[in-house]
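Colleague: I am new to reading models of this kind. Could you take me through this one by question and answer?

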Amino acid sequence: MYYPPWSPQPHMNSAVISGNGNTIEVTGEGTVSAAPDKAIIVLGVITEHVSLTAAQKDNADAVARIVEALGSLGIPKENMQTTQYSINMQYNYEDGKQIFRGYQVTHLLQVTTEQIDLTGLIVDTAVKNGANTVSNIQFALKNPEIAYNHALSKAIRNGQIKAKTMAQTLGVTLHDVPILVQELPRTPEAIPYLTASTYSKSEATPIQKGELMVSASIKAKFTYH
């Protein structure tokens with residue numbers, strides 16, 4: 001139900017007048033804005049070493065420091081979940097030959113917090129304690145149904161207005177209550193804020209949460225005489 005810049009656009013306005021049973025079919029759209037109250041941050045550590053044991057140890061030590069540091073910010077451990085742990089062999093290519101360089105260990109944590117004003121501080125704290133990758137930051141709603149139901153109500157009213165306008169233009173009388181209302185598919189709820197493969201240390205990371213646009217669409221059928 002959110003529309004990030006890269007998501008599919010909302011349903012286009014449309015209407016159909018049918019002579020079969022004197023019906024008017026319309027789509028209705030409703031959108032409301034809502035301030036996000038939850039942040040989801042995916043960050044972690046990528047380590048490389050010629051020794052797999054050393055790469056794993058360096059990685060584990062860094063992740064432990066991150067978890068402890070974020071805990072000091074009030075982030076409980078149950079809000080930090082591993083989303084990826086992988087080990088890959090790394091190679092250099094010289095004169096057409098593959099030369100083993102070492103092992104790469106990646107450990108990503110998903111950090112969820114309702115203290116969204118601390119999002120920048122969470123990122124900075126993780127980086128200071130060993131994080132060197134940030135996959136993405138998402139802002140979402142703890143209770144998205146509240147905003148969605150508001151948007152859905154607006155979508156129904158929008159459909160009614162369209163149907164009344166068409167009926168008035170045609171010089172017919174519309175029955176205000178539709179004989180059919182169909183909720184159209186919803187779009188994803190969370191909006192990605194940042195995507196990056198690596199993250200460099202900085203003194204402060206400004207994160208703008210903005211607002212989420214919550215949308216709903218319906219299809220309705222009205223009768224007239």
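The turns below go from the whole chain to its helices and then to single residues.

Colleague: What kind of model is this, and how are residues numbered?

Modeller: Residues are numbered from 1 along each chain as its sequence is written, and side-chain values use heavy atoms, with hydrogens and water left out. Local features need pLDDT of at least 70, side-chain atom pairs count only at pLDDT 80 or more, and totals for chains, interfaces and linings use all residues, since the model is a predicted one.

Colleague: In which pattern do helices and strands follow one another along the sequence?

Modeller: Helices (H or I, at least four residues) and strands (E, at least two) are DSSP runs, numbered from the N terminus. The protein has three helices and nine strands. Read along the sequence, the pattern is β-β-β-α-β-β-α-β-α-β-β-β.

Colleague: What percentage of the residues in the protein is buried?

Modeller: Buried means under 20% relative accessible area, exposed over 50%, and partly exposed in between, with a 1.4 Å probe and protein chains only. The protein has 225 residues. The buried share of them is 40%.

Colleague: What span is expected for helix α3 at 1.5 Å a residue?

Modeller: The expected span of a helix is 1.5 Å times one less than its number of residues. Helix α3 covers residues 144-170, which is 27 residues, and its end C-alpha atoms lie 39 Å apart, in agreement with the expected span of 39 Å.

Colleague: Within what arc do the buried residues of α1 fall?

Modeller: Helix α1 runs over residues 52-72, and its buried residues include Ala 55, Asn 59, Ile 66 and Leu 70. The arc is taken from the directions from the helix axis to the C-beta atoms. Seen down the axis, the buried residues of α1 line one face of the helix, because they fall within an arc of 165°.

Colleague: Which residues are exposed on the other side of α1?

Modeller: The buried residues of α1 are covered by elements including β3, β4, β5 and α2; contact means heavy atoms within 4.5 Å. On the other side of α1, the exposed residues are Thr 53, Lys 57, Glu 68 and Ser 72.

Colleague: At what angle do α1 and α2 pack?

Modeller: Two packed helices are described by the angle between their axes and the distance between the axes. Axes are lines fitted to C-alpha atoms, for helices over the stretch in contact, and angles run from 0 to 180 degrees between N-to-C directions. The axes of α1 and α2 are 9 Å apart, and the angle is about 145°.

Colleague: Which residues of α2 make the contact with α1?

Modeller: Eight of the ten residues of α2 are buried. In the contact, α1 supplies Ile 66, Ala 69 and Leu 70, while α2 supplies Ile 122, Thr 125 and Ala 126.

Colleague: Which residues is Val 67 in contact with, leaving aside its neighbours within four places in sequence?

Modeller: Val 67 is in helix α1. With those neighbours left aside, its contacts are Lys 77, Met 80 and Leu 109.

Colleague: What is phi of Asp 95 near?

Modeller: Most residues other than glycine have a negative phi. Asp 95 lies in the loop between β4 and β5, and it counts as exposed because its relative accessibility is 80%. Phi of Asp 95 is positive, near 55°.
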